[in-house]
Amino acid sequence: MHGGKAMTGNTENGGGRRWSRWRIAAWAAAAFTLLLPLFAMQVTDQVVWDVADFAIFAALLVGVGVTYEVAARTTGNTAYRSAVGVALAAAFVLVWVNGAVGVIGTERDEANLMYGGVLAVGIIGAIIARFQPRGMARALFATALAQAFVAVVALIAGFGSTAPTWPLDILILTGFFAALWLISAWLFRKTAHGQPPARAASNS
């Protein structure tokens, strides 16, 4: 029994150390990401950021990081953690791309404000689902549909059609983000299928 406990303790400690290393690496990557625009400003005139831009970008990184930390500490399920990570990464990149160059036309095109609705679908859906895996899967699937819906509206209305790469840019980015939302939904669904039925859980 003592050996089993020692083994369990070593496993938990080893897992804790591994997750600690992953978190350190993630925060280091976030800091590196924050430095990328500063580096780009030294080599090209196409990137011009001021203090406010860096502050907003840093706030986004911290918000994503803290949200993931909360999710990581509240569950030990790897699929759930991965689902949260993919969803947060998708939201972060969507906001970043929209603010930097814009998905529809340029970053100054007001049609890009529609993507705020995409994020709202995910956030509201997560709140309604109370962050439970099965409901989160539905929320992320609805987010993917919202992403596709914005693209359809933009293409029908001709939003951003003055861009030289239109409509290819909208189609590619929509496919990219929709795929991330769907991957997250699949991981949440996988988590839900791995949970014991409520009746069995209550009897145990």
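The following dialogue concerns a predicted model of one protein.

Visitor: On what basis are the residues numbered and the values taken?
Guide: Residues are numbered from 1 along each chain as its sequence is written, and side-chain values use heavy atoms, with hydrogens and water left out. The model is predicted, so local features need pLDDT of at least 70 and side-chain atom pairs count only at pLDDT 80 or more, while totals for chains, interfaces and linings use all residues.

Visitor: How many helices and strands does the protein have?
Guide: Helices (H or I, at least four residues) and strands (E, at least two) are DSSP runs, numbered from the N terminus. Along the sequence the pattern reads α-α-α-α-α-α-α. The count is 0 strands and 7 helices.

Visitor: What percentage of the residues of the protein count as buried?
Guide: A residue is buried under 20% relative accessible area, exposed over 50%, and partly exposed in between (1.4 Å probe, protein chains only). Among the 204 residues of the protein, the buried share is 32%.

Visitor: Which helix gives the most residues to the largest nonpolar core?
Guide: A nonpolar core is a set of buried Ala, Val, Leu, Ile, Met, Phe, Trp, Tyr and Cys residues joined through side-chain atoms within 4.5 Å. The largest one has 31 residues, of which Ile 104, Tyr 115, Leu 140, Trp 181 and Phe 188 touch the most other members. At least two residues come from each of α3 (78-100), α4, α5 (133-157) and α6 (168-193). With 9 residues, the greatest contributor is α5.

Visitor: How many residues does the other core hold, apart from the largest?
Guide: In soluble globular proteins, nonpolar side chains tend to be buried together. The other core includes Ala 30, Phe 54, Phe 57 and Leu 61. Its number of residues is 6.

Visitor: Which residue of α6 does Tyr 115 touch?
Guide: Contact means heavy atoms within 4.5 Å. Leaving out residues up to four places away in sequence, Tyr 115 touches Leu 94, Asn 98, Val 103, Ile 104, Gln 147, Val 150 and Thr 174. Of these, the residue placed in helix α6 is Thr 174.

Visitor: Is Thr 174 buried or exposed?
Guide: Beyond its neighbours within four places in sequence, Thr 174 is in contact with Tyr 115, Gln 147, Ala 148 and Ala 151. A polar atom of its side chain also lies 2.6 Å from the backbone oxygen of Ile 170; such a polar contact is a pair of N or O atoms within 3.5 Å, where within protein one must be able to donate a hydrogen and the other to accept it, and residues adjacent in sequence count only if both atoms are side-chain atoms. Because its relative accessibility is 9%, Thr 174 counts as buried.

Visitor: What is the distance between the end C-alpha atoms of α3?
Guide: The expected span of a helix is 1.5 Å times one less than its number of residues. The 23 residues of α3 should therefore span 33 Å. The distance in the model agrees with this, at 32 Å.

Visitor: What kind of aromatic pair do Phe 92 and Trp 96 form?
Guide: Rings of Phe, Tyr and Trp (its six-membered ring) pair if their centres lie within 6.5 Å; planes under 30 degrees apart count as stacked, over 60 as edge-to-face and the rest as tilted. By this rule there are 5 aromatic pairs. Phe 92 and Trp 96 are 4 residues apart in α3, so about one helical turn separates them. Their rings are 5.8 Å apart, centre to centre, with 45° between the planes, and the pair is tilted.

Visitor: Which residue is linked with Phe 92 and Trp 96 in a cluster of ring pairs?
Guide: Phe 92 is buried because its relative accessibility is 11%, whereas Trp 96, at 29%, is partly exposed. The residue that ring pairs link with these two is Phe 57.

Visitor: Which peptide bond is cis?
Guide: Most residues other than glycine have a negative phi, and most peptide bonds are trans. Pro 167 lies in the loop between α5 and α6. With omega near 0°, the cis bond runs from Trp 166 to Pro 167.

Visitor: What is the phi of Arg 130?
Guide: Arg 130 lies in the loop between α4 and α5, and it is exposed because its relative accessible area is 68%. Phe 131 is found in the loop between α4 and α5, and its phi is positive, near 60°. Although Arg 130 is not a glycine, its phi is also positive, at about 55°.
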